[in-house]
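Me: Please take a close look at one part of this model, the interface between the protein chains. I would like a single connected account, with the cut-offs behind each term.

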There are 2 protein chains.
Amino acid sequence: MAVAAAAQASQGERIEGGEFSPRQREVLDAVLALMLAEGDSFSMAAVASKASCSKETLYNWFGDRDGLLAATVRWQASKVRLPSPERTDLDRSSLEARLADFAESWLTVLTGEVSIALNSLAVAHAKSAKSPLGKTVLDNGRFAIGRRMKPVLEMAREAGLIGFDDTEEAFRTFFGLVVRDVQIRALLGDWPLPGPQQIRREAEAAARQFLTLYGVGE
Amino acid sequence: MAVAAAAQASQGERIEGGEFSPRQREVLDAVLALMLAEGDSFSMAAVASKASCSKETLYNWFGDRDGLLAATVRWQASKVRLPSPERTDLDRSSLEARLADFAESWLTVLTGEVSIALNSLAVAHAKSAKSPLGKTVLDNGRFAIGRRMKPVLEMAREAGLIGFDDTEEAFRTFFGLVVRDVQIRALLGDWPLPGPQQIRREAEAAARQFLTLYGVGE
DNA sequence: GCCGTACCGTACCGTACAGTACGGCACTTC
DNA sequence: GAAGTGCCGTACTGTACGGTACGGTACGGC
């Protein structure tokens, strides 16, 4: 029963704040592997088999299939740690480099198998709400990168390098310049995806264009 | 049997080049309605019931469920007709207006229920290839708008208003400036979507920014 | 040594749904 | 008006899968 998921989780090993026991992590990694291979169409039996655990344990730990999926998304999210931007002095060229690095790492994540699989799954489940996979993915993708970027943008503004009124708007523009049509094409299966060199080139172009739009002085 | 879909379709009313009989269109509209309401999780029985036809007819016409989905996507695609840009003289402000109009209509389509439902469906089915829904959606979305835009961009370049080497790259940048995070947020269920005024504002901003990046002279 | 607990493996249940079969009706063709 | 055809409605089949139940084992506490 879905509503009992949270309660169920309280027996056995506990699920809290995205923390899972080592054994549970093994299970979730198995789910991840199945998701990469088969998308959304794997069965609970397949998970149990792959993880060498019983279905009953799956249901005890995660409540139901949606709970398992949600836990998997949270587990993967907890694995990805974007580098926190330390506070340093910025000039125009170091800012551009910083932006390009952000763009590069973001494009790299975005075009990764795991990211594509997770986003596809979340999109597919967005309709039948029930579990907010979409929200979780968004929080750990689009919004996470936003939280990292904004301090950099505001630092650069304080340093008089760029100008904008609304940090959110400025970030959304940067986002657009970086991602362009890459994500939607990846999600719709339009191979091949850009490789590392291509990504580096696009990232640098995006940083340059962003500074053209928002740079001041010079 | 999936491989027999094309052959099956040759009996009864014919499916060719995206052309469907009136009765078939009724059926496909019913599918569309169900898709808006339930995403991917409607049954063939539900389609038959909603369209007042028999399941046997569905299978005779469309082969299997995937065939029905593919036909629905093609049918919807054939309904959307982007305005063809007539060849006119352009100056800087009429170009900006034209770009803004493109951006506006594109954002409007993108945030529409039908577009979101179709894209979600195609994303969900992209993994289990079998039927190239993703390709069809891409061809009638991202690439269709590209085909419409490029002549405008090249016209403007000939008129000496903007400069670029690679039309495709220029268009992809425009795409990014227009779409930004709107589509991915829409697909992941991050309501509310921007309304008409908001879209108009974002479209104008995108056109302005594009001209800042690519405009020459002035 | 005994008990409780956590877990594995497997068998089981109910249901939903893709796909098929078939009887009957309306309509066309000769 | 007989034969053929296209389609509707419905009943049927097979199966896959979510979720549950239960017996058996390993282990830690007392």
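Reply: The interface between chains A and B

The copies meet through the same surface, because 100% of the interface residues of chain B are also interface residues in chain A. Contact here requires C-beta atoms, placed from the backbone, within 7 Å of each other. This is a predicted model, in which local features need pLDDT (the predictor's confidence in each residue, from 0 to 100) of at least 70 and side-chain atom pairs count only at pLDDT 80 or more, while totals for chains, interfaces and linings use all residues. Residues are numbered from 1 along each chain as its sequence is written, and chains are lettered from A and ligands numbered from 1 in the order in which they are written.

On each side of the interface, 32 residues take part: 32 of chain B are in contact with 32 of chain A. In chain B, at least two residues each come from α7 (113-126), α8 (133-140), α10 (167-179), α11 (182-187) and α12 (196-214). Helices are DSSP runs of H or I with at least four residues, strands are runs of E with at least two, and both are numbered from the N terminus. The largest share of this side, six residues, belongs to α10(B). Its composition by class is 13 nonpolar, eleven polar and eight charged residues; Ala, Val, Leu, Ile, Met, Phe, Trp, Tyr, Cys and Pro count as nonpolar, Asp, Glu, Lys and Arg as charged, and the others, Gly among them, as polar.

The two chains superpose with an RMSD of 0.1 Å after a turn of 180° and a shift of 0.0 Å along the axis, which is the relation of a two-fold axis. The fit is by least squares on the C-alpha atoms of residues with pLDDT of at least 70 in both copies. Among the residues of chain B, B:G176 comes closest to the rotation axis, its C-alpha lying at 2.1 Å.

Helix α10 of chain B also holds B:E168. B:E168 counts as exposed because it has 11 C-beta neighbours inside 10 Å; the limits are 20 or more other C-beta atoms within 10 Å for buried and 12 or fewer for exposed, with partly exposed in between, and C-beta atoms placed from the backbone. B:E168 is 21 residues from B:R147 in sequence and 9.7 Å from it in space, C-alpha to C-alpha.

The loop between α7 and α8 of chain B contains B:S128. B:S128 is partly exposed, with 13 C-beta neighbours inside 10 Å. Leaving out residues up to four places away in sequence, B:S128 touches A:G39 and A:S41.

Within chain A there is another contact, between domain 1 (2-79) and domain 2 (92-214). These bounds come from an automatic or database domain assignment. The C-alpha centres of the two domains of chain A lie 29 Å apart, and the contact takes twelve residues from domain 1 and 13 residues from domain 2. On the domain 1 side, α2 (22-38) and α5 (65-79) each supply at least two residues, and α5(A) gives the most, with seven.

As for confidence, the mean pLDDT of chain A is 88, and 89% of its residues reach 70 or more. Over residues 1-17 of chain A pLDDT stays under 50. Where pLDDT is low, the predicted coordinates should not be read in detail.

Technical notes
Contact = placed C-beta atoms within 7 Å.
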